[in-house]
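Subject: Structure handover

Hello,

I am passing on the structure we discussed, with notes on its empty space, its nonpolar core and its aromatic rings. Please look it over alongside the text that follows.

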Amino acid sequence: MDTRTADEIQVPQQKTSWMEFVKTHFRDYGMLLSLLVIMLFFQVVTDGTLLRPLNLTNLVLQNSYIVIMALGMLLVIVAGHIDLSVGSIVGFVGGLAAMMMVRWGFDPVTTTIACLIVGGMIGAAQGYWVAYFKVPSFIVTLAGMLVFKGLTLALLGGMSVGPFPVGFQRLSSGFIPDVFGGQGFNYTALFLGAASVAAIIYFSFRSRANQLKHAVETAPFGLFLFKNALLAVLVVAFCYLMATYRGLPNVLVIMAVLIALYAFVTNRTTIGRRIYALGGNEKAAKLSGIKTERLTFLTFVNMGVLAGLAGLIFAARLNTATPKAGLGFELDVIAAVFIGGASATGGVGKVTGAVIGAFVMGVMNNGMSILGIGIDYQQVIKGLVLLAAVSLDVYNRKK
């Protein structure tokens, strides 16, 4: 009889080759590889324009609000729902911010807090109908899209309102100053990049150690080192290029903090695991004691707050609020989440995938604009990419 304790018994680890591991985890690695290939392609065909510091800055500013909303949309889709109203919420919150600061004389801080609360209230109103009245989210948020488009027109009186105070504009157009006093080179950007790499590597090794301790399947050590080394090179190279221009935009820091926060919530917290359980099988989740209605409600509240934040950032970037602001944003956000590997049936999706999907869309938009491809063909290409991504998901689930 074996008298060893569970901690003394070592579970044998099965050796897995690089190719086998990547093949079985294609959802995780495929989109990152696709993003790198797309960036390399546009870097070549645009004669190096894509990765110039000025264009990289524009790429971050143009896609920051899409990435932020993709984080919220990921949770909604993982929970088995969808939100078509986010573009209209962006326009409405931006219009409200303009009226508060330009017409009614409120300061930027009060306006920002009020607009985030309004965004959360909109999400709560829609989430209540979905969670407690069981009205399909497609119908509720489609109605919300129409309602807030109309309210934005009424609020702004059909006119553009601006400009905003300089302090509010820095939300989107400001940059982190160089505390080291560099001339022509922002050393703070490079320092923050190196600190980020150190944190990423530390948490990666810590996570791997925990996986090995609990006999969870892990990537081969060589692949693990290669992935982290590649990520470190990309982050440092990006920060170096940004340092040669004006440094890191304020909105990039906001975006990075949110990405880290939502990655932690989805991977390390009980509420994150419950959202995945809800999307995987709602009846089973309810029988296991999860309050599915409240969880659904909270995912929509979260989506409303992030859409409100995106509305503030977008308005600050344009320095004006227009009745057409946010038009079509919901399509880019939903496409980013699906392209990033989320399942249309719920229960599957990662924060990193949603972010990569957003930048795939962003790089394609930026690269095609540099090449002079018309908006008509851009829409065709993005539609085909979305269809291919969802078809690949369906194919993998059938296997």
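Val90, Gly91, Gly94, Gly311, Phe314, Ala315, Thr320, Ala321 and Ala325 line the largest cavity. Two elements, α4 (86-103) and α13 (292-318), give two or more residues each to that lining. By residue class, the lining of the largest cavity has 5 nonpolar and 4 polar members and no charged ones. Its volume is about 40 Å³, and the structure holds 1 cavity of 30 Å³ or more. Please keep in mind that this is a predicted model.

The second largest pocket has a volume of about 540 Å³. Its lining consists of 25 residues, and those nearest the pocket centre are Gly328, Asp332, Met361, Asn365 and Lys382. At least two lining residues come from each of α3, α14 (329-339), α15 (351-370) and α16 (375-398). Here the split is 13 nonpolar, 10 polar and 2 charged residues.

On packing: in soluble globular proteins, nonpolar side chains tend to be buried together. The largest nonpolar core in this model has 102 residues, and the members that touch the most others are Met69, Met73, Val337, Val360 and Val363. Helix α3 (residues 53-78) provides the largest share of this core, 17 residues.

What is Met69 in contact with, leaving aside its neighbours within four places in sequence? The list is Val86, Val90, Met303, Leu306, Ala307, Ala310, Phe329 and Val333. One of these, Val90, also appears in the lining of the largest cavity.

Turning to the rings, the structure holds 17 aromatic pairs. One of them joins Phe175 and Tyr245 in an edge-to-face arrangement, with 6.4 Å centre to centre and 85° between the planes. This pair links distant parts of the chain, 70 residues apart: Phe175 sits in the loop between α7 (166-173) and α8 (187-213), and Tyr245 in the loop between α9 (221-243) and α10 (250-268).

Are the two partners buried or exposed? Phe175 counts as buried because its relative accessible area is 17%, which is under the 20% cut-off. Tyr245 has 35% relative accessibility, so this residue counts as partly exposed.

Separately, one aromatic cluster is made up of Tyr128, Trp129, Tyr132, Phe133 and Phe297.

Regards

Key:
Residues are numbered from 1 along each chain as its sequence is written. This is a predicted model: local features need pLDDT of at least 70, side-chain atom pairs count only at pLDDT 80 or more; totals for chains, interfaces and linings use all residues. Side-chain values use heavy atoms; hydrogens and water are left out. On a 1 Å grid over the protein atoms alone, a cavity is a set of points where a 1.4 Å probe fits but cannot get out, and a pocket is an open set with protein on both sides within 12 Å along at least five of seven lines; lining residues have an atom within 4 Å of a point. Grid points are joined across faces, edges and corners, and a volume is the space filled by probe spheres set on the points. Helices (H or I, at least four residues) and strands (E, at least two) are DSSP runs, numbered from the N terminus. Ala, Val, Leu, Ile, Met, Phe, Trp, Tyr, Cys and Pro count as nonpolar, Asp, Glu, Lys and Arg as charged, and the others, Gly among them, as polar. A nonpolar core is a set of buried Ala, Val, Leu, Ile, Met, Phe, Trp, Tyr and Cys residues joined through side-chain atoms within 4.5 Å. Buried means under 20% relative accessible area, exposed over 50%, partly exposed in between (1.4 Å probe, protein chains only). Contact means heavy atoms within 4.5 Å. Rings of Phe, Tyr and Trp (its six-membered ring) pair if their centres lie within 6.5 Å; planes under 30 degrees apart count as stacked, over 60 as edge-to-face and the rest as tilted.
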